[in-house]
Amino acid sequence: MSDRPTSRNRIVIVGGGLSGLVAAHRIHTQTAKSADPVDLVLLEAKDRVGGAIWTEHVDGFLLEGGADSFITNKPAALNLCKELGLGDQLIGPDATNRRSFVVRNGKLLPVPEGFVLMAPRKLGPIITTPILSFRGKLRMLMDLIRPRRNDDADESLASFVKRRLGREALERLVQPLVGGIYTADPNELSVKATLPQFVEMERKYGGLIRGAFAEMKKTKNADRTASGARYGLFASLIDGMETLPRALAASLPPGTIRTNSPVRRVSRSDTGGWLVEPLDGPPIEATGVILATEAHASARMVDALDPELALHLRSIPYASSAIVIATYKRDQVSHPLDGFGVVVPTIENRRILAISFTSVKFPGRAPKDSVILRIFVGGATQPELFDLDNGAIEALACSEASQLLGITGPPIFTRVSRHPRAMPQYTLGHLDRVATIRTRAALHPNLVLAGNAFDGVGIPDIVKSAQTVADDLLASLVVPAVV
Ligand SMILES: Cc1cc2nc3c(=O)[nH]c(=O)nc-3n(C[C@H](O)[C@H](O)[C@H](O)COP(=O)(O)OP(=O)(O)OC[C@H]3O[C@@H](n4cnc5c(N)ncnc54)[C@H](O)[C@@H]3O)c2cc1C
């Protein structure tokens, strides 16, 4: 990449995770054939693109170190895969064993059939489940008669669930199911920012049970049997999730992406545009800049330009987590592994958040006589565990998995995938915080923010948000091109 002046618009994207790559792809496809093409530069600090998504192939095992699938009822990611020619590589989780477990007094019990994150779509399984006490079940059913909340103020996820379904449902079911997604503390999470569909259910139907039944009626093909995180609605790619960032990178003109190129600062240029300063080369002039990095990383880059914006960006907290990928011979594991995984409630006082039975969820990712487990450690509720070294994290994760699943002997091999400060926590007031950040950022024409800190952490939300950011930037490129 040259930093020579050009008469074309140049957009620099900082961050080569999914957000940055989607934004780059969008700008390229929107402008490549126009009379006014754009020079694109993508700077990534690490030696690879993909950010929180990586896949590794080892001796017949396909290992996912980050995301392993994405939800399909929000179509953006699915459509992007098709646009990139990956349509025939999309796969769904295995049709058998479509359920998950929750730990109760050290034992694995199935999540009641039809229970989706916090809304029961079937009452029978709730009444018969041994996960809840008789009192807990009655309290949960009181959702049918409890009045709806009338004010619009933000509420924590824990408070919302306790109010609607009671403390037991929160502690034994919702906390582990939702905590597994956000690696978060439900006492801190904003329900409006993380799971607004359930707030809407209460507002529209008066409660979660009524809401779940009404929505189910509306959705003709609703799958009544899915439990846990609705695995039936998830998709992945046959060669692993990293296929997506790789395809996005390959769609860009050669030379667009520069890895090992951490950006330290963004400032105004003399010509009214922007100067992006990577550590590995001279400043790059740009007409537009997209910061597609973690909010704390974006804050560092705009510290000198706008300390107030930096302060607001830093106010979005992040959690760190690790995934220990452990492979075993099937006959080492006495549990039948007849589900997609198990989530672990905080009240069980264990040192892991969840275990995904990856090779059951996606058969073919391990040799027939072997299994892959992904064991989640750390998050907002156990931050101290993330600070342990890899050996210690691996030892505690494998020990917990062995106790829960009856595993004998050591794993065949392991990998530890660390995600330091990678998961933004949409805590109480998140929506207001994001609105403030956007208002403040708007003071800087053609400097825009993308990434999972703002509009959702799931892959479809990220794709949609990055596409919108790219479209908005293209529409507002009013500053004269760099000359
Ligand atoms: C462990 C884990 C499991 C997940 N599982 C799922 C799942 O199964 N399904 C799902 O839908 N979602 C999942 N997610 C969420 C989803 O994968 C992420 O939200 C998404 O990949 C984040 O993409 P991003 O580009 O916004 O951020 P990131 O992937 O964090 O990318 C940010 C990039 O910016 C770079 N960067 C930072 N500072 C600088 C700098 N100064 N200069 C240059 N580059 C810089 C970083 O190196 C990084 O590559 C998971 C997330 C994690 C952490």
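Leu-117 sits in the loop that joins β9 (115-116) to β10 (119-120), and in this predicted model its phi is positive, at about 60°, although the residue is not a glycine. Most residues other than glycine have a negative phi. Leu-117 counts as partly exposed because it has 18 C-beta neighbours inside 10 Å, whereas 20 or more would be needed for a residue to be called buried.

A second residue with this backbone feature is Asn-105, which is not a glycine either and has a phi near 50°. Asn-105 is placed in the loop between β7 (101-104) and β8 (107-110). In its surroundings there are 8 other C-beta atoms within 10 Å, and Asn-105 is therefore exposed, the limit for that class being 12 or fewer.

From these loops one can turn to the division of the protein into domains. Domain 1 is assembled from three stretches of sequence, 10-51, 242-316 and 427-475, while domain 2 takes in 69-96 together with 318-424, and domain 3 covers 112-223. The C-alpha centres of domain 2 and domain 3 are 25 Å apart, and the contact between these two domains involves 15 residues of domain 2 and 12 residues of domain 3. On the domain 2 side, the elements that give two or more residues to this contact are β17 (318-329) and β20 (370-378). The residues on that side comprise 10 nonpolar and 5 polar ones, with no charged residue among them.

Another strand to consider is β21 (residues 413-424), in which Val-416 is found. Val-416 and Ile-323 are separated by 93 residues in sequence, yet their C-alpha atoms are 5.9 Å apart in space. Leaving aside residues up to four places away in sequence, Val-416 touches Ala-322 and Val-324, and also Asn-390, Ile-393 and Glu-394. Val-416 has 19 C-beta neighbours inside 10 Å and so counts as partly exposed, since a buried residue requires 20 or more.

The next feature is an open sheet of 5 strands, ordered β12-β2-β1-β16-β22 and paired in parallel. Its edges are formed by β12 (257-258) and β22 (447-449); each of these has a single partner strand, so that one side of each is left without a neighbour in the sheet. Within the sheet, strand β1 (residues 10-14) and strand β16 (residues 288-291) pair in the parallel sense over 4 bridges, and Val-12 has Val-289 of β16 as its bridge partner.

Helix α1 connects this sheet with the last part of the description, for α1 lies across β1, β2 (39-43) and β16, and runs at about 170° to β2. Helix α1 (residues 18-31) also meets helix α10 (residues 243-250), the two axes coming within 9 Å and crossing at roughly 35°. The crossing of α1 and α10 is left-handed. On the α1 side the contact is made by Leu-18, Leu-21, Val-22 and His-25, and on the α10 side by Pro-245, Leu-248 and Ala-249. Sorted by class, the residues of the contact of α1 with α10 are 6 nonpolar and 1 polar, with no charged residue.

Notes:
Residues numbered from 1 in each chain as written. Predicted model: local features only at pLDDT ≥ 70, side-chain atom pairs only at ≥ 80, totals over all residues. Axes fitted to C-alpha atoms, helices over the stretch in contact; angles between N-to-C directions. Left-handed = near helix turned anticlockwise from the far one by under 90°. Contact = placed C-beta atoms within 7 Å. Nonpolar A, V, L, I, M, F, W, Y, C, P; charged D, E, K, R; others polar. Domains from an automatic or database assignment. Pairing = 2+ DSSP bridges.
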